[in-house]
Amino acid sequence: MNTRFDLIVVGAGPAGCAAARAFALSGKSVALLEAEPEGQSHKRFAGEWLHPQGVDALKQIGFGSITSLKGRPRGRGFVVYPGHGEAPVKLDYVEGQLGLAFHHGDLVDEMRQVVHETDRVTFLRGVRVVSADDFGVVLDTGKRLEAKQVVGADGRSSVIRRSLRGATHHKPISAMTGILLQGVKAPYPDYGHVFLGKPSFLLGYEIAPSTIRICVDVPLKYKAEMKDPEWLISAIRDTLPPVWRQPCEDQIRHGHLSWQANHFLARADYGNGRRVLIGDAAGHTHPLTATGITNGLVDAIEFSQAKDFSSFARNRRQACRVPELLSRALYDCFSKDDAFSNSLRRAVVSLWRSDEKERDRTMGLLMGNGRSFLTFAGPFLKALLGAWKGRDQSTTMAADLASIASWIRLPMAYAMAGWVRSRA
Ligand SMILES: Cc1cc2nc3c(=O)[nH]c(=O)nc-3n(C[C@H](O)[C@H](O)[C@H](O)COP(=O)(O)OP(=O)(O)OC[C@H]3O[C@@H](n4cnc5c(N)ncnc54)[C@H](O)[C@@H]3O)c2cc1C
């Protein structure tokens, strides 16, 4: 077998498949290396919702068979249920654009199949990369492969990132369990449903005809309780819509749950130009805003088209900053439980309910349309003001001010980081 390539891509998840395909189409020889043996991809609970920008990216590099598959649920946007019996608020993708939903294993299998059939790609499965340097990688068999560049598309625990930076600390955020319901419909077909409640929030959407994925977010402080099925059932019973309640309880009692940990690593480091990080290997955040796969696909395409590594890295850092901040702020807003944060949650929902422009702005940010920090700061300050006016007067001013300070710290840190970088 050939041991020299233009490019070695480590990891055949969505980002790695996209990179292998994009570089092969531009005439490069590519080795795509995947640790997972064949037939295992459906065991993993991971991304199953793609924003319109991700759908465009798939089409752009010849994965159109995936986006056009008949019967595959489309994504028109999100429906947010504020709880307490209040009517839901609908947030549509702007200009009628469409996202996509699927079983994660289906997406990965279909992408791998297309890449397998692509000229100039040597696709090796069941091989694990154990180390890397600027000239190639070493496999678990001891064999060495060499290339002009190595792309680390090997996910959150990236070996390529480790080869560059040593062990990186990614911050644990929460745990999430995935539950599949068969033979039921969604209250709003083609929408992602976000149910706000306690101990955190639930997501639900159709990933195949009459197959619903429920994602239950569990804050880490309930680490011990979450192992008890009856605790989980009682925690989510009042938050779920009646049509999903019983099937969900049945699945939990039968132990049909897939747990995943959610971590945060800021997208700031894309490697050194010889070893390049894309997808989750470059950074990852809570899946609430469903940006992970889209980010990985766009990384792959932009890297394959960039005039040099520095412009690729600079561009991606800028593009991902505001969506990442939105994701962190929304996660905190939907999961924190102090009085001021509850008031902020009400203010955000009320802003969306009353103002079409704010709904479009939020969806635009999710779709990657906002690079300027101001696109985030304006509505954020509006929501903070609304939360201050509507706060529960029985709490102390000191407690509310402490909560506000914690809310302001995060965007300030992002604004400062962007300012420092833009002057560097
Ligand atoms: C519970 C949950 C729900 C999510 N929901 C969404 C969602 O709805 N929408 C969304 O966009 N994102 C979502 N995400 C995030 C999304 O799943 C990831 O962002 C996405 O899968 C990242 O793709 P990737 O190709 O970078 O990495 P991965 O999907 O992690 O793929 C990495 C690949 O590399 C292989 N690999 C790893 N190490 C090695 C090695 N040493 N040698 C060879 N191969 C290796 C792995 O086997 C794997 O196939 C979710 C994540 C979680 C945990």
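This dialogue discusses the domains, the ligand shell and the nonpolar core of a predicted model.

Trainee: Which domains does the assignment of the protein give?

Mentor: A domain may be written as several stretches of sequence, as domain 1 is here: 4–48 + 103–170 + 265–305. Domain 2 covers 172–263, and domain 3 covers 320–423.

Trainee: How many Å separate the centres of domain 1 and domain 2?

Mentor: Taken over C-alpha atoms, the two centres are 29 Å apart. Domain 1 brings 9 residues to the contact, and domain 2 brings 11 residues. On the side of domain 1 that touches domain 2, there are 3 nonpolar, 4 polar and 2 charged residues.

Trainee: Which residues come nearest to the ligand?

Mentor: A residue is counted around the ligand when its C-beta atom, placed from the backbone, lies within 6 Å. Here 34 residues meet that description, and those that come nearest are Gly 11, Gly 13, Gly 47, Gly 279 and Gly 292. By class, the shell holds 16 nonpolar, 12 polar and 6 charged residues.

Trainee: Which helix gives the most to this shell?

Mentor: That is helix 8, with 4 residues. Helix 8 spans 292–305; helix 1 (14–25) and strand 2 (30–34) also supply at least two residues each.

Trainee: Which residues touch the most other members of the largest nonpolar core?

Mentor: This core has 115 residues, and Ile 8, Val 9, Val 10, Ala 19, Ala 20, Val 30 and Ile 278 touch the most other members. Helix 9, residues 309–335, gives the most to the core, namely 10 residues.

Trainee: What is Ile 8 in contact with, leaving aside neighbours within four places in sequence?

Mentor: The contacts of Ile 8 include Ala 31, Leu 33, Gly 136 and Val 137. Leu 145, Ala 147 and Val 150 are also in contact with Ile 8.

Methods
Residues are numbered from 1 along each chain as its sequence is written. This is a predicted model: local features need pLDDT of at least 70, side-chain atom pairs count only at pLDDT 80 or more; totals for chains, interfaces and linings use all residues. Domain bounds come from an automatic or database domain assignment. Two residues are in contact if their C-beta atoms, placed from the backbone, lie within 7 Å. Ala, Val, Leu, Ile, Met, Phe, Trp, Tyr, Cys and Pro count as nonpolar, Asp, Glu, Lys and Arg as charged, and the others, Gly among them, as polar. A nonpolar core is a set of buried Ala, Val, Leu, Ile, Met, Phe, Trp, Tyr and Cys residues joined through C-beta atoms within 7 Å. A residue is buried if 20 or more other C-beta atoms lie within 10 Å of its own, exposed if 12 or fewer, and partly exposed in between; C-beta atoms are placed from the backbone.
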